[in-house]
Amino acid sequence: MALLELRHLTRRFGGIAAVDDVSLGIEAGEFFTLLGPSGCGKTTILRMVAGFDLPDGGAILLDGHSLADIPPEKRPLHTVFQSYALFPHLSVADNVGFPLRMARVPAAEARRRVADMLDTVHLADKADAYPHELSGGQKQRVALARGLVGKPRLLLLDEPLGALDHKLRSAMQSELIALQRNVGITFIFVTHSQPEALALSHRIAVMNAGRIEQLGTPAEIYGHPRNRFVADFIGDINLFDAEIVERAQGTLQFAVAGLGHIVAPTVDSPGRRGVFAIRPEQVHIIAADAPTELPNRFPGTLREFLYVGDVTTYQVELDSGVRIQALLPNAAPARPQLAAGARVAVAWAGDAGLFLHD
Amino acid sequence: MREARTGLWAAALLVYLFLYLPLAVVVVYSFNDSRLNAEWVGFTWRWYRVLLADEGMLHAAVNSILIALGASLVATVLGTMAGLAIHRYHLRVLPILVITPVAMPEILLGVSLLLFFIQVLHLTLGLVSVLIAHITFCVGFVAIVVRARLAGMDESIFEAARDLGATPWQVFRRVTLPLILPAVIAGALMSFTLSIDDFVITFFTAGVGVSTLPLQIYSMIKIAVTPEVNAVSTLLMLLTLAMILLAARFDRTVLRGRG
Ligand SMILES: Nc1ncnc2c1ncn2[C@@H]1O[C@H](COP(=O)(O)OP(=O)(O)OP(=O)(O)O)[C@@H](O)[C@H]1O
Ligand SMILES: [Mg+2]
């Protein structure tokens, strides 16, 4: 049985559904992420699970029991707020000790657990500091320690890394993964950053306008987005309107707007319309006159390229006028030295890319 | 530009002189060894000694202090609750209802309270009616100061406390109260000073039997401004000043909120 189950959860604000018929189950020990653009209802879901907001429809079940009549302080879960919500009048140690005090844990044991927890988040030397004396990353770790110290069944994290700079954010991501594995507490993590979701989660629910568009592992979501929204939201991707024209040699021929015909995999039948999606890293750039056995090959002109350290992304304008993005690792031995304006060709394998319904 | 600024300074100086010169005169003459407030004769503590022997004055002082203590205590509790309620529930009427008595002309408040006590409550005017009247105008002050303190606060800390296992009462006891305490103390001190030097409202609601310091001073100057009046005024001034400074130490909004 799932630890937490949402059944047809719905919340409306003035007629508009902020959360619209969401159903999902989260297993014990899981690192589960709600991912979606701003305003898609992530915080609203967390607030209902924590008990600060009431659903207009549906149910929230913990261990199979409805949470409907249980006030926030009685729910065996804690929240890490985006704003950290540290108590300004309490020291770091007292902030972290707050949930233990509320649970009437004996003072000696509470002190020991607070000290252990501060060790875990590398803040043992800040025990007597006050929140206003801490940096953003330190506050964030105090909030995390405070959420974990009471050993809740479930920890809800609402964009806890949102306010951190890039470097600290990466460091905290690694720490979060390690922490979650060590303490074995189930995490529901909210973010609108897709790299973060992919890096941290066991499973991801991609949300849009209050609904779940796709639920799956990071590899499933990235490799097999279910529709245009998910494909577009997760990572960079080239999208072309397409129609399946005929079945040949086990794969399908597509008529792709602006490209002509291509070969690509799909389970759908001829006549179907949709989107052809291909990741930049699946698109090869080759010399204009180079031979290739790749079945999809289109000549074009290199318009722009963006060197971002580990990789370079290329914008190629095909002769038909369509633009396509390709990405090559800079460490690749055969990376062509190209200048803007160069004549090139793009090519990709017959089993690369996806056909998506709208 | 520079001239404009010099002009401003001069104007400010005049205003302050205008404000504080009369107060300074009162203080100075309270130490003057003469019955008349006419010329400086010499330094004396005499008028303070006279004051201590004046039973009517002592009685009024005790009344004033009792009323100020009672009014500030009750107004602080009610005002704190009002401030919290205004902050929590976004009802337009609530702040208006609480703060109006603060802005209302005192004479209006005095007259309406008088009518209310006599015609509606059939109350005999005395200490109790003065106490109720003082509570009425102090509540708003406390509410304003407490609310200002809450306004700058991150709402999510109260939810965080609930989330971490605190009942609503524990949230108040362990988080809300410690955070608003400076404002609550400042509000209490402000109420005390407002109550102890209130004249107009007290005048209407005191009836004949009781007197407070301001009423006593007024009845004395009807005859003449004696050095004794100067002495008691000086003491009252000192007390008020000390309270305001103390209140401002606890909460900076006090200095902005008054008047
Ligand atoms: N108390 C409220 N009253 C009215 N509308 C609300 C309220 N809370 C949320 N909403 C609306 O519900 C929708 C979802 O809000 P929510 O805060 O859940 O989004 P989110 O996914 O957390 O976004 P973000 O990434 O920006 O935090 C938004 O359109 C928001 O305007
Ligand atoms: Mg949010």
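Colleague: Hi! Which residue does Asp53(A) form a salt bridge with?

Modeller: Asp53(A) pairs with Arg11(A), and their closest N and O atoms are 3.0 Å apart. A salt bridge here is a side-chain nitrogen of Lys or Arg within 4 Å of a carboxyl oxygen of Asp or Glu. Before we go on: this is a predicted model, where local features need pLDDT of at least 70 and side-chain atom pairs count only at pLDDT 80 or more, while totals for chains, interfaces and linings use all residues. Residues are numbered from 1 along each chain as its sequence is written, chains are lettered from A in the order in which they are written, and side-chain values use heavy atoms, with hydrogens and water left out.

Colleague: Where do Asp53(A) and Arg11(A) sit in the chain?

Modeller: In distant parts, 42 residues apart. Asp53(A) is in the loop between helix H1 (42-50) and strand E4 (57-62) of chain A, and Arg11(A) is in strand E1 (residues 4-13). Helices (H or I, at least four residues) and strands (E, at least two) are DSSP runs, numbered from the N terminus.

Colleague: And how many salt bridges are there over all chains?

Modeller: The search finds 18 in the whole structure. Across the interface of chain B and chain A there are 2. One of the salt bridges joins the side chains of Glu73(A) and Arg162(B), at 2.7 Å from N to O.

Colleague: Why can such side chains pair?

Modeller: Side chains of opposite charge can do so when their charged atoms come close.

Colleague: New angle: how many residues does each chain bring to the contact?

Modeller: Chain B brings 18 and chain A brings 22, with contact meaning heavy atoms within 4.5 Å. Together the chains bury about 1,800 Å², 61% of it on carbon and sulfur atoms. Buried area is the accessible area (1.4 Å probe) that two parts lose on being put together, summed over both.

Colleague: Switching to chain B alone, how many helices and strands does it have?

Modeller: Chain B has 12 helices and 0 strands. Its C-alpha trace spans about 70 × 65 × 30 Å along the principal axes.

Colleague: What about helix H8 of chain B, how far apart are its end C-alpha atoms?

Modeller: Only 36 Å, although H8 (residues 168-196) has 29 residues and a straight helix would reach 42 Å. That expected span is 1.5 Å times one less than the number of residues.

Colleague: Where is the kink in H8(B)?

Modeller: At Leu181(B), shortly before the proline Pro182(B), with a bend of about 55°. The bend is the angle between axes fitted to the seven residues ending at a residue and the seven starting there.
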